[in-house]
Each structure stands twice: as C-alpha cells, then as structure tokens.
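Please open the model in your viewer and keep the sequence panel beside it, so that residue ranges can be selected as the tour proceeds.

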Amino acid sequence: MNVRAAAAKVIYQVVDQGHSLSSALPKAQSEIKPRDQALLQEICYGVLRFLPRLESVAQSLMDKPLKGKQRVFHHLILVGIYQLSFMRIPAHAAVAETVEGTKNLKGPKLRGLINAVLRNYQRSQEELDAKSVSHDSGKYGHPGWLLKMLQQAYPEQWENIVEANNSKAPMWLRVNSQHHTRDEYIALLEKEEISVTPHSQATDALLLDKARDVYTLPGFEQGWVSVQDAAAQLSAEYLQPQNGELILDCCAAPGGKTAHILERTQDTSVVAIDCDETRLKRVYENLERLNLKAQVICGDARHPEEWWKGEQFDRILLDAPCSATGVIRRHPDIKWLRRSEDIKALAELQSEIFDAMWLQLKSGGTMVYATCSITPLENCDQVKAFLARTSDATLIDNTDPEKPGRQILPGEENMDGFYYAVLQKA
C-alpha cells in the first residue's frame with residue numbers, strides 16, 4: 001500500500017465516516033512496510049491538526065468538490081497539500097508519491113487532476129496559505145463551537161490552549177517504583193545517553209527530551225518503566241493509595257492508572273472496571289507486562305449492583321468518560337468527531353456515575369474525580385453540582401469553592417489537559 005493512499009483512507013474514515021484515529025490508523029499501519037509507519041502517522045496527525053486550512057486551499061484550487069466514491073481522492077489531495085506545506089519531503093517526491101497513490105485507490109483517471117492541483121498549489125502557495133488562515137477556523141485549526149467554548153471559559157489562555165492542541169505531544173515516562181526510584185532510573189538513562197527532565201509534582205514522571213522507541217528504554221520489557229503523560233500520573237498523587245486497601249479504578253481502560261496504584265502499594269486489592277470489553281484487553285496487557293494483578297471487570301459504572309457484591313471501597317478513582325478535549329494534541333481527530341451537544345450528554349452520564357460510585361465508597365473514604373477534559377461543564381461545574389446535592393461529601397483540597405478542583409490546561413509544564421477534584425465521605 002502506498003503511504004499517501006493509506007493516509008487518504010485513514011483521513012476519509014475519520015472525517016467522513018466518523019471512525020476514531022486510534023482505530024483506523026493501526027489497521028492502515030499493518031498494511032504498509034514497517035519503515036513507513038511513522039511517516040503514515042505523521043501525515044494523518046498533521047492533516048487532522050490543520051484540516052480547515054488544507055480544506056480552504058483545496059477548495060480554492062478545484063472547480064467542484066469530489067463527492068461520493070471519489071471522496072477518498074479529495075483526502076489524497078489534502079495529504080499532498082499537507083506535505084508541501086508542512087513537511088520536509090522534497091516537493092517533487094511529495095507530488096509524485098501522492099499522484100502514485102491513485103493506483104492503490106483504484107482511480108488512475110484522477111492522476112491528472114491531483115497532479116494539476118498540487119502543481120498549482122506550488123505555484124501560488126504564498127497567496128493560498130495567506131487566504132487559508134484569514135478566517136478563525138483555518139487560523140486556529142479548531143471547529144467554531146470548540147473555539148467559542150475555549151474563548152468563553154479561558155479568555156486569557158485560549159490562544160495558548162489552541163497552540164498546545166496543534167503541537168506534537170511529548171513523551172512522558174512513569175518509573176515503576178517497585179524496581180527503581182526515579183533518580184535510580186535517571187542514572188540508567190544517563191548511561192544510555194538518554195536525556196530526561198523530572199516533573200515537579202508527579203514524583204514518578206520523566207519527560208524525554210526526544211521521543212523514542214520504547215524498546216530502547218532500559219528495562220521496558222521487564223516492566224521498569226511505562227509511557228504515561230505526567231497529568232495522568234498525578235492521579236496517584238491525589239488518590240494517595242495506602243498499603244492493604246481496597247481500591248476501585250472506575251473507567252480504568254487502558255489501565256495505566258490501575259498499574260500506577262499497584263506500583264505504589266503493597267498488598268493492595270485493586271478492582272479495575274470498564275464498560276468496553278475491547279479496551280479492557282489493554283488493561284490485561286499492561287498488567288501482564290508489569291507483572292501486576294488486579295480484578296478486572298467489564299461492567300456499567302452506573303449500575304454497580306450488577307457487577308459488585310463485595311464491601312465498600314477505601315478509595316475510588318473515578319476517571320469519568322469525557323469529551324477528551326484535554327488530549328487533542330495526542331488525538332487530533334477529537335476536534336472533528338466531537339459535537340457541542342456531546343458535552344451536555346457526557347456531563348449527564350458523569351453525574352449518574354458520580355452518584356452511583358459515591359454509594360460504593362466507605363465512610364471516611366476518598367474519591368478522586370478526574371477527566372481528561374477542559375470543559376467547565378464536565379469538571380468544576382460537575383463537582384459543584386455534586387457537592388450541592390450530596391450532604392456527606394466534602395472537598396478536601398484548598399480550592400475556590402466556586403471553581404473547585406484543579407484544572408490543568410494543555411501545555412502546562414508540557415502536560416496534557418486534565419482535571420482533578422478530591423472528595424472525602426463523612
């Protein structure tokens with residue numbers, strides 16, 4: 001499979017068919033040569049980051065849009081424009097390989113059109129690029145509803161958030177403290193001439209100066225270290241799990257936080273629940289590599305009576321299903337798959353889970369409510385509403401009661417966007 005053709009198919013599946021990038025991309029990568037997989041990922045991520053800008057250029061260069069069965073060739077054109085605009089691939093190679101992609105896509109009659117569009121872009125690139133960023137959607141690379149929400153919620157920070165969302169995500173490591181302290185692992189990395197920066201609050205977190213193959217990291221296969229953003233690692237800092245406790249990780253897939261709890265404690269019983277059987281496979285895989293054990297359950301968090309007959313939990317990490325608007329730099333398809341109406345629906349689901357999980361918490365127990373979202377409706381507004389209707393719940397971190405919890409914005413200390421609120425049951 002030609003890499004550009006594979007990229008066009010992935011973008012088509014995401015934009016036109018509503019598939020997630022995390023499902024479409026791995027399948028496409030399996031159909032191309034291993035050495036080309038990183039290039040395919042770079043192209044797919046890049047096109048989705050700057051989609052409105054690329055669409056504007058394509059629209060200016062075509063008399064009429066490609067529709068129906070020809071839509072995948074429209075996305076092939078976007079792939080070509082992205083390479084010419086953002087990548088260091090020689091222009092002649094970018095054009096030739098993109099045109100060659102018509103063979104794999106069974107549209108050889110469109111070779112001339114695609115070649116002409118890309119050549120015309122080269123000739124008028126400066127003018128077309130300027131036009132493509134003359135409107136907010138093209139300039140900021142976000143849909144209108146999301147841009148409006150960011151501007152209203154974060155009037156002083158929204159431009160920084162947009163910039164972070166459109167950047168490449170860094171690679172964070174989580175050191176397994178059952179094998180090494182963070183300083184000990186830093187020493188191992190230094191021997192391999194791998195540079196890292198420790199996080200100021202996530203005590204197991206290291207930021208790699210440059211992303212690399214995990215199998216080049218000391219002891220990765222032995223479970224000495226995992227890949228996890230520092231913002232997600234803060235869940236253990238807020239949960240403060242103790243030895244011998246019964247702890248629930250609610251909505252646990254893919255299992256990074258479950259593993260972190262187990263790495264931090266001894267003789268702790270951890271129950272990991274998620275409603276998605278497919279995603280739970282990742283939990284099993286992570287636990288196996290790290291040689292850790294947890295009780296993994298597939299179930300609906302709104303109805304714990306269907307899957308849990310045991311005693312109440314000492315601590316609950318409620319990593320609620322959310323819009324994932326805090327991790328757009330890792331999943332740029334979120335911008336185009338989410339709709340404004342999704343936020344209200346998700347907030348209602350979170351509220352149901354919040355109430356159900358609170359009943360599963362022991363008196364005196366701790367619950368950490370967390371999302372990888374940056375919308376107030378899912379975060380501080382959600383916690384305010386919960387506190388207002390729940391008499392035995394107390395916010396135990398020192399935050400503004402009007403804006404409870406901690407909102408981490410994308411790019412803050414190079415982290416993903418995340419939200420945390422710590423609650424205690426009377």
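## Strand E9 and its neighbours

Begin by selecting strand E9 together with strand E12 (residues 418-425), which pair in the antiparallel sense over six bridges. Bear in mind throughout that this is a predicted model. Within this pairing, pick out Ala370 and look across to E12, where Tyr420 stands opposite.

Next, add strand E8 (residues 313-319) to the selection; six bridges join E8 to E9, and these two strands run parallel. Ala370 in E9 is again a useful landmark, since Asp319 stands opposite this residue. Which kinds of pairing can strands of a sheet have? Strands pair through backbone hydrogen bonds, and they may do so in either the parallel or the antiparallel sense.

Now show the surroundings of E9 (residues 361-371) and ask how many of its 11 residues are buried. Eight of them are, so the strand is largely enclosed by the rest of the structure.

## The four-stranded sheet

Move on to the open sheet of four strands, which should be traced in the order E2-E3-E1-E4, with antiparallel pairing. Its edge strands are E2 (196-198) and E4 (225-227), each of which pairs on one side only. With direction ignored, neighbouring strands of this sheet are turned by 30° against each other on average.

Select strand E1 (residues 172-175) and strand E3 (residues 205-208), which run antiparallel and are joined by three bridges. To see one such partnership, centre the view on Leu173, whose bridge partner in E3 is Leu206. Then add helix H12 (residues 182-191), which packs on the sheet and touches E1, E2, E3 and E4, while its direction makes about 25° with that of E3.

## A pair of helices

For the last stop, select helix H5 (residues 71-86) and helix H7 (residues 111-123), which pack at an angle of about 30° with their axes 10 Å apart. Because of that angle, H5 counts as roughly parallel to H7. The crossing of the two helices, H5 and H7, is right-handed.

Display the side chains where the helices meet: on the H5 side the contact involves Phe73, Leu76, Ile77, Gly80, Ile81, Leu84 and Ser85, and on the H7 side Ile114, Val117, Leu118, Tyr121 and Gln122. If you colour this contact of H5 with H7 by residue type, you should find nine nonpolar residues and three polar ones, with no charged residue among them.

Notes:
Residues numbered from 1 in each chain as written. Predicted model: local features only at pLDDT ≥ 70, side-chain atom pairs only at ≥ 80, totals over all residues. Heavy atoms only, no water. Axes fitted to C-alpha atoms, helices over the stretch in contact; angles between N-to-C directions. Parallel < 35°, antiparallel > 145°, perpendicular 65-115°, else oblique. Left-handed = near helix turned anticlockwise from the far one by under 90°. Contact = heavy atoms within 4.5 Å. Nonpolar A, V, L, I, M, F, W, Y, C, P; charged D, E, K, R; others polar. Buried < 20%, exposed > 50% of the residue type's maximum accessible area, 1.4 Å probe, protein only. Pairing = 2+ DSSP bridges.
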